[in-house]
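Q: I am new to this structure and would like to learn how to read it. Could you take me through it feature by feature?

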Amino acid sequence: MTLTQYGIKYAVHIITSNFGNLVAKVCESLLRRGHLSLKQLIGFTELTPQQVKNSLLILIQHNCVQPFSFDQSEGPKVTQYIALFDNIIHRGRFAKFLAVVSQELDTDGELILKDLLENGRLTIKQIIEGAESSKSQGDSAGKDSVQESFLKLVNAHFVERCPAPEPVLEQATKQEGPAKKRGAKSAKMVEVPETIEQRVIALAAPPEAVRFSIMIDSEADAPGGKSDNMSVGEKRKHPTLEFDTEFGSNDEVDLWRANFEEFIRCLRHKACVENVRARLDDEAAVVLRAMLKATRTAEKKVKTENSVPLSLNTIYEEVINSEAGRGLTMGRVRDSLSGLCDSSQDRDVDEDESYSADLKKILELAQDDEVESIVLKRYGKDAYTMFRILSLAGRPIETDKISDMSQLSLVEKNETPRFSITCGRMITCIWRD
């Protein structure tokens, strides 16, 4: 993503508040200059080599910097360091992440997550010991409950294995130049090349089979005489967490961290549901929540524009699984879907018809409401009226026509230039905030 000056300042402020000025100086150099080697960082920051090394270790430990190197046939390999802007900004959302686990899981899960957020990366041994020490003394079932809570966090994708310590990135080819148009019919759509940060993150991420790979061997009773995470024929031992050794995993050295992507997805879904509740009704919110819950693990990216398509029967089955949805009939669910899904599509009574909610539109409406609320509070009713006219029009409007378009006639023609200046300052402040 393209970093703005205000975004960089905010990220540096977060690092300064958490780790002090020295670490913030190293982080700011990476944010402003892009990926740098250790030698370059020492030169730009004018700090001692040991100060830069310690700062990098702290930033890596807390998932704010990712080391990598370029694939080169000649010369020694030089480690590069790149700042992960999104991960830095997510540090300001830790309280919301904890609230998600508190609502969806249990107290032990919240303790584990809190420990991971405070320490960045931990081994399974450190996680269990940390959670046990946080629990009240004399709790004999402490270790078992902590292991169970950790398993729930992994299964919910709230916790993941850490990325590769230093992935090797291939040098960009000549074809990876400026963005190219896809065709005459889609002239406005261009292929945006991936940034180095995006390529490094994708390359460092472990495969899905490894990222959330975990097994538990327990003597606890379970349907079918075995735990849900045990393979047939496994011997029953004392309760313990085990990892897939096929990928070279070891609980003594394997590092785990909070999965920020999953928390952002949960918060995004929650915002969509609450906005639908405010704009439509509680029943539509229940239906949307059921759709998102059923397809959360199937979403390929966090900022998906449409929910995964589901049939009416599948949606209804998920709706009645919740206490709030047990009183809904198939017809009422179908009525709610008509308000959630694209009205331009032909929705017959066919139960095999697939439904997909337009999440992008829902969030855009929520953002418009939030911005309009800020404008009204900060700049008054007249500026709010002008802003709403421009927002609804979705295009530039001549100054002398703005008052003519106002149905409430709150902006007089001779006052329009003054309000135009106010609106310009207002928009600048909004984007800055």
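Q: Against which elements do the buried residues of H14 pack?
A: This is a predicted model, and the reading starts with the helix. The buried residues of H14 pack against helix H13 (282-295) and helix H15 (330-340), and also against strand S10 (310-311) and strand S11 (354-355).

Q: Which residues of helix H14 are buried?
A: Helix H14 covers residues 312-319, and its buried residues are Leu312, Ile315, Tyr316, Glu318 and Val319. Seen down the axis of H14, these fall within an arc of 160 degrees, so they line one face of the helix.

Q: Why do residues three or four places apart in an α-helix point the same way?
A: An α-helix has 3.6 residues a turn, so residues at that spacing point the same way.

Q: Which residues are buried in helix H10?
A: In H10 (residues 196-204) they are Glu197, Arg199, Val200 and Ala204. Down the axis of H10 the buried residues fall within an arc of 165 degrees, so they too line one face of the helix. They pack against strand S2 (65-70), S3, helix H5 (85-90) and strand S6 (168-169).

Q: Strand S3 was just named. Is Gln80, which lies in S3, buried or exposed?
A: To decide, compare the relative accessible area with the cut-off: buried means under 20%. Gln80 has a relative accessible area of 10%, so Gln80 is buried. The strand in which Gln80 sits, S3, spans residues 80-83.

Q: What does the side chain of Gln80 join in a polar contact?
A: The side chains of Gln80 and His35 are joined by a polar contact of 3.2 Å. Leaving aside residues up to four places away in sequence, Gln80 touches His35, Leu36, Ser37, Gln40, Gln66, Pro67, Phe68 and Phe70.

Q: How should a sheet be read? What is the order of the strands in the open sheet of three?
A: Read the order of the strands, then the sense of the pairing. Here the order is S4-S9-S5, and the pairing is antiparallel. Strand S4 (122-123) and strand S5 (159-161) are the edge strands, each pairing on one side only.

Q: How many bridges link each pair?
A: S5 and S9 pair over three bridges, while S4 and S9 pair over two bridges. Trp256 in S9 stands opposite Arg161, and Trp256 is also the bridge partner of Leu122.

Q: Which helix packs on the sheet?
A: H7 does, touching S4, S5 and S9. The direction of H7 makes about 100 degrees with that of S9.

Q: Which residues of the largest nonpolar core touch the most other members?
A: The core has 31 residues, and those with the most such contacts are Ile112, Leu113, Phe150, Phe158 and Phe263. The elements giving two or more residues to this core are helix H6 (94-104), helix H7 (107-119), helix H8 (124-134), helix H9 (142-155), strand S9 (255-258) and helix H12 (260-279). A second, separate core has 26 residues, including Ala284, Val286, Leu292 and Leu310.

Q: What does Ile112 touch?
A: Residues up to four places away in sequence are not counted; beyond them, Ile112 touches Ile127, Ala131, Val146, Ser149, Phe150 and Leu153.

Q: How many helices and strands does the chain have?
A: The chain has 18 helices and eleven strands. Of its 433 residues, 39% are buried. Among contacts with a separation of 6 or more, 64% are between residues 24 or more positions apart.

Technical notes
Residues numbered from 1 in each chain as written. Predicted model: local features only at pLDDT ≥ 70, side-chain atom pairs only at ≥ 80, totals over all residues. Heavy atoms only, no water. Core = buried A, V, L, I, M, F, W, Y, C linked by side-chain atoms within 4.5 Å. Buried < 20%, exposed > 50% of the residue type's maximum accessible area, 1.4 Å probe, protein only. Helix = DSSP H or I, 4+ residues; strand = E, 2+ residues; numbered from the N terminus. Contact = heavy atoms within 4.5 Å. Polar contact = N/O pair within 3.5 Å; in protein donor to acceptor, adjacent residues only side chain to side chain. Arc of directions from axis to C-beta. Pairing = 2+ DSSP bridges. Axes fitted to C-alpha atoms, helices over the stretch in contact; angles between N-to-C directions.
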